[in-house]
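Biologist: Please take a close look at the cavities in this model. I would like to know what lines them.

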Amino acid sequence: MLQFCLLAAHALQLAGAALLSPGSCNFEDSACGYEWDYAHLPWALHGEGHYISVDTSYKGEKAVLSSPELYSEEWSCVRLIYQIAMTSEASPDPARLNLYLRQEGESFDRLLWSANEPSDSWLIASLDLMNSTKKYKIVLEGELGQDKSASIAVFEIKITPGYCIECDFEENHLCGFVNLWNPNVNWFVGGGNIRNSQSILPKDHTLNSELGHYMYVDSVYVKHFQEVAQLISPKTMAPMSGCLSFYYQLKQESSIVFTVYLRDTTGFYEEIWKTDSALSADWALAEVDFNAPYPMELIFEVAFNSAKGGYVALDDISFSPVYCSNQTGTPFNPAAAGCNFEEGLCNFYQDHKDGPGWSRVKVKRNVYRAGDHTTGFGYYLLANTKFTSQPGYIGRLYGPILPGNLQFCLRFYYALYGFFKMSGTLAVYIFEENHVVQEKIWSVLDSPKGVWTQAEISFKKPMPCKVVFVSWCKSFWDCGLVALDDVSLSLGSCQAADRLLPNPGECNFEKDECVFTQKKRGRGSWHRRRGPTPTSYTGPKGDHTTGVGYYMYIEASDMVYGQRAYLVSRSLRGVSGKQCLTFFYNMYGAGTGLLSVYLKKEGDEDEIPLWRRTGEQSISWLRGLIEYESDRNYQIIFEAIRGVSMRSDTAIDDILFQAGPCLEVEEIQFSSGYPDSLNEIEY
């Protein structure tokens, strides 16, 4: 078994270890109230090395360790010092350490962090926990993977009030700040009782003592013009905005450039502060407004031009949620720039000079034309209808004003009908405030006809601007319908958002079957598929999530009349109070059978029916809502029964479990057939 670097572990013992805060543990002589799950592998406590570990000497897949029940109404930072050791770094299924947040009243744990990089010594992870009125537990999960000799060790867990980007550099782990190594110039730890040439300042700022610590960078080893040293903070893990402050000393004999940047997950740099003084003989306070609405790193960068440039020292980085500049007013809410058109146009509008280009419509459930994307039976926008189609017709839909110098991710769903050539029939433009066109940022190239397809666009503009949706009818002979729904705007790039950890209790089947398994696999079971089903006139044309992704369905041509297929969740944690289950289903086909949802409580033989639909419902994806309760562990079961003919493919997608009662109520839980009024459009 691989040996852990115990010397490094001993070096991690923190000041004030005897006064550990709730949830913190250095595993010196106990597990501090942390308990392992006996359904999985045990954790071993190594008091002599001050760590807890799990390894492949036991047969099993994972080990689970949960903290005592914790409570904090203040923002706090979790720091985890750990090590993963493996014999093979190229394993297809490597060992992994996960950290979850288990909140009171939730059936699912929220994944906050995950790592699988092996190392020869300890590593540190820093995670922000937003303030909450709910009690919670920290859950560590060690997955051993397929490596024959893997070990996972946790040396310390420390939970402290405040923010993870704050640091006084008095502790050995430096709060997770790291130096980006450079052959010539680097950030070093200064101060302490070690008197050497590296300790260039007499006293730190925190303690005002020779024994205190700070970070510094010196030009003595500079060999090239514009040598750069970077000190990088832990990544912010929750939206933050306020005042960033720090103390610095700067002594320069030739030009030094000391700059602070924000860097997002795509590598984009934004300068937020630069020193304007040539000399600071004493510790000087710097304050700057700080906005990190999505994951970002702080970078303290010093650039030298010669070996006689001087030095920069840094200490006591802190953060306050109140802006330094006494900014007033509410921060921009990106939700105000989105709309599902159920209650109207929200903050979107049309210019009357353009004419009535976009109409808000609603399609009743039918087997010919798809309804909206939000629920399948709600409202959406339709352009180029029979009332407005004319050669050269253009319809513009203007969004609200967006602030400048922010990165945005715009997502929306569109569907096209009746065009011979789709290219350019729908485009998205950026307009300045005075309606002057800046640029086209997206246009449709090709798309499956009649399928709600998701588009996503990242953009950032220096000045305030508007997003404008433009539908273009090129000629009378090539003029179809353009549908638009579920417009949303979020801060950060779409690529960065795609890298965020998944929401707990959410399954869109894009990667796998999530928490679901099947009683029996075979031709007559549930299948994961993308695109249309093989049989015509039944099943969806695409998935609900993006239009081009995956969903689960039964293939009726492989089944006999009355045959059943079961999709069963793993055991879910029972909680007191109401829970809400949302999902989308497609029951299109003249021979469609039944789709039912059941609740099975632990210890009960019988299942409780929660919801059922019988027969053909619509060509659209329809939303299902179920409110239920279970204070015992339970399973949710989706049962599909094949109908009278091969045209009875039934599909489900986008399952979401949420704590608390459903915000909307579905009046009919058990129904059959569809309304008499087919293919009607309400304007």
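Modeller: First, the classes. Ala, Val, Leu, Ile, Met, Phe, Trp, Tyr, Cys and Pro count as nonpolar. Asp, Glu, Lys and Arg count as charged. The others, Gly among them, count as polar.

Now apply this to the second largest cavity. Its lining has four nonpolar, one polar and three charged residues. Which residues line the second largest cavity? They are L262, D264, F268, E270, Y294, M296, Q407 and K460. Sort them by the classes. L262, F268, Y294 and M296 are nonpolar. D264, E270 and K460 are charged. Q407 is polar. The volume of this cavity is about 40 Å³.

Keep in mind that the model is predicted. A search of the whole structure turns up two cavities of 30 Å³ or more.

Turn to the largest cavity. About 50 Å³ of space lies inside. What charged residues does its lining hold? There are no charged residues in that lining. Eight of the lining residues are nonpolar, and one is polar. The lining is made of A337, F348, G399, P400, L402, L410, V467, V487 and L489. G399 is the polar one, because Gly is placed in the polar class.

Set the two linings side by side. The largest cavity has no charged residues in its lining. The second largest cavity has three. Each lining has one polar residue: G399 in the largest cavity and Q407 in the second largest.

Technical notes. Residues are numbered from 1 along each chain as its sequence is written. This is a predicted model: local features need pLDDT of at least 70, side-chain atom pairs count only at pLDDT 80 or more; totals for chains, interfaces and linings use all residues. Side-chain values use heavy atoms; hydrogens and water are left out. On a 1 Å grid over the protein atoms alone, a cavity is a set of points where a 1.4 Å probe fits but cannot get out, and a pocket is an open set with protein on both sides within 12 Å along at least five of seven lines; lining residues have an atom within 4 Å of a point. Grid points are joined across faces, edges and corners, and a volume is the space filled by probe spheres set on the points.
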